[in-house]
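Colleague: I would like to learn how to read a few features of this model. Could we begin with the metal site?

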Amino acid sequence: MDKILQAAQNHKKPESVKKYQYGTAGFRMNANILDSVMFTTGILAALRSKYLGGKFIGIMITASHNPPQDNGVKLVDPMGEMLEQHWEAYATTLANAASPEVLVKEVRELIQNLKIDLKVPSNVIVARDSRESGPVLQQAAVDGLVAMEANVKQFGVLTTPQLHFLVRNHNTGKPKVETSYYEYFSTAFKEIYQLIDGDSKPPIDIVIDAANGIGAPKVEKLFDEYLKGKIHSYKVINDKYTHPETLNSHCGADFVKTNQQLPQGISAIPDKLYASFDGDADRVVFYFVNSANKFQLLDGDKISTLLARYFIKLVEQTGLKLSVGVVQTAYANGSSTNYLTQNLKLAVECTPTGVKHLHHVAQKFDIGIYFEANGHGTVLFSENLIEQVSSSSDEHAFKKLYYFTQLINQSVGDAISDLITVLLIISDLQLTPTEWNSAYADLPNKLAKVIVKDRTEFKTTNAERTLIEPKGLQQKIDQEVKKVQLGRSFVRASGTEDAVRVYAEAKTQEEVIKLSEAVCELVK
Ligand code: NG1
Ligand code: ZN
């Protein structure tokens, strides 16, 4: 404990901060006030590892799609999943310790309450995205780990999903170096590529906007060194990850989705496919311009419906009895839900925002497809499925399904893995972007943000679709919804920003604006 006390003198909580909160994306805020949080999160990671008998825990330093001056940190559990929920509260407690002495007291209490055996070694791996504040903040986390005498492995800059992947590999006896990521996914890619009928296979051609983030060098490495000759033509734009001041600025998945427009640096050729990653490459959205030069977004809902349609067909070809389900949040476009339930006759579940909720529900199915509309998601395959398709059957459908269980990152949504999955699927289905998009037409929608005095007053139920507090507000929203055709609207407090989000959807653009404005007025 002396070591913690001593090291903590250099990482004191700033008095200006009222309260730190470990939210859906860990701690995330302006990098200037994150030093002490990094230190305490390092301590917690070591404790978590000891608690789990020395399993490897991950620390990822990133603020994803946030502006360059922000940063953040989150912990990754042994199988590459998000930190277990109870421990989020412990992370918050340690981060808010007012002094080094209080911190030591809190650490002691945690050790006692959780019966942590300090003699168990702790193993932690650390990585960061390309932000300027990354190295200094990483050192603060390492100081916390060193004070706990943890074994630390620093991976430098990685995408968030790469760190998740490596944590899982460290705990499952798989290769433990960054290149194992490229080897693993490129092997699966090449196997499926070979299984797709050679004569009719359209060439793979993609432009990737990497948000000037860490996804740029990583996807280039995969394509240049591991998938040479398989991706026929590709280009990475907004690839200036060594200029962190440009990160997410007028580019990236969040910019494209929020503004429904092309990122900077693209003058689009009609019906050619483009993709955008976010700053840490755990989200991807696709888009194109149609023959009338109109921007068309292929967001997380379009990705999950494409995958659903594809996997249903593949399962049919195998003749196996496997359950397929899709998990969405309330932000999924109503048309996508209709398409899934009515056209594809699929089970669709709705969960609160945050991938950990979706991930959990997706585990119920043999093929559980989950995506947030913003492009964060993946597909989970059950042990039952893997067992059935890994038999030595020579049939293409079996083999394809088997290799898709490897091509799609099983620990977390991964822009690179999702990108190459989609590229193979549209190649196999021989779909142009226009054809992919034509499965259903999105209902016009609007996502607005309202700054309120206290967002914690907004409490929801029914997977965040119904407000229970402030009292009476939901009834007023319902009345506004009734005034427009195909109306839908819900209000919830953001988990990552100090604001309330208002989502609205309706049959026409005019009606959606009317509905959104009316609900925003009610919330203010
Ligand atoms: P909040 O701020 O709680 O709405 C946002 C995204 C989530 C998720 C998290 C984590 C929307 C509407 N919300 O959450 O989907 O990605 O950030 O990054 O896109
Ligand atoms: Zn991200």
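Modeller: The arrangement of the four donor atoms around the zinc ion (ligand 2) is irregular, because they subtend angles of 85 to 167 degrees. Four donors count as tetrahedral if all angles lie between 85 and 135 degrees; four count as square planar and six as octahedral if opposite donors are over 155 degrees apart and all others between 65 and 115; anything else is irregular. This is a predicted model, in which local features need pLDDT of at least 70 and side-chain atom pairs count only at pLDDT 80 or more, while totals for chains, interfaces and linings use all residues. Residues are numbered from 1 along each chain as its sequence is written, chains are lettered from A and ligands numbered from 1 in the order in which they are written, and side-chain values use heavy atoms, with hydrogens and water left out.

Colleague: Which residues are the protein donors of the zinc ion (ligand 2)?

Modeller: Donors are N, O and S atoms within 2.8 Å of the metal (3.2 Å for Na, K and Ca); water is not among the atoms, so sites may look incomplete. Here they are Ser64 (OG), Asp278 (OD), Asp280 (OD) and Asp282 (OD), at 2.0 to 2.1 Å from the ion. Ser64 sits in the loop between strand 2 (56-61) and strand 3 (70-76), and Asp282, 218 residues apart from it, in the loop between strand 8 (274-277) and strand 9 (284-289). Helices (H or I, at least four residues) and strands (E, at least two) are DSSP runs, numbered from the N terminus.

Colleague: Are Ser64 and Asp282 buried or exposed?

Modeller: Buried means under 20% relative accessible area, exposed over 50%, partly exposed in between (1.4 Å probe, protein chains only). Both Ser64 and Asp282 are buried.

Colleague: What side-chain distances are there from Arg492 and Ser494 to ligand 1?

Modeller: A polar contact is a pair of N or O atoms within 3.5 Å; within protein, one must be able to donate a hydrogen and the other to accept it, and residues adjacent in sequence count only if both atoms are side-chain atoms. For Arg492, a side-chain N or O atom is 2.8 Å from an oxygen atom of ligand 1; for Ser494, the distance from a polar side-chain atom to a ligand oxygen is 2.5 Å.

Colleague: What about the backbone?

Modeller: Most residues other than glycine have a negative phi, and most peptide bonds are trans. Lys115 has a positive phi, near 55 degrees, and counts as exposed because its relative accessibility is 73%. The peptide bond from Glu469 to Pro470 is cis, with omega near -5 degrees.
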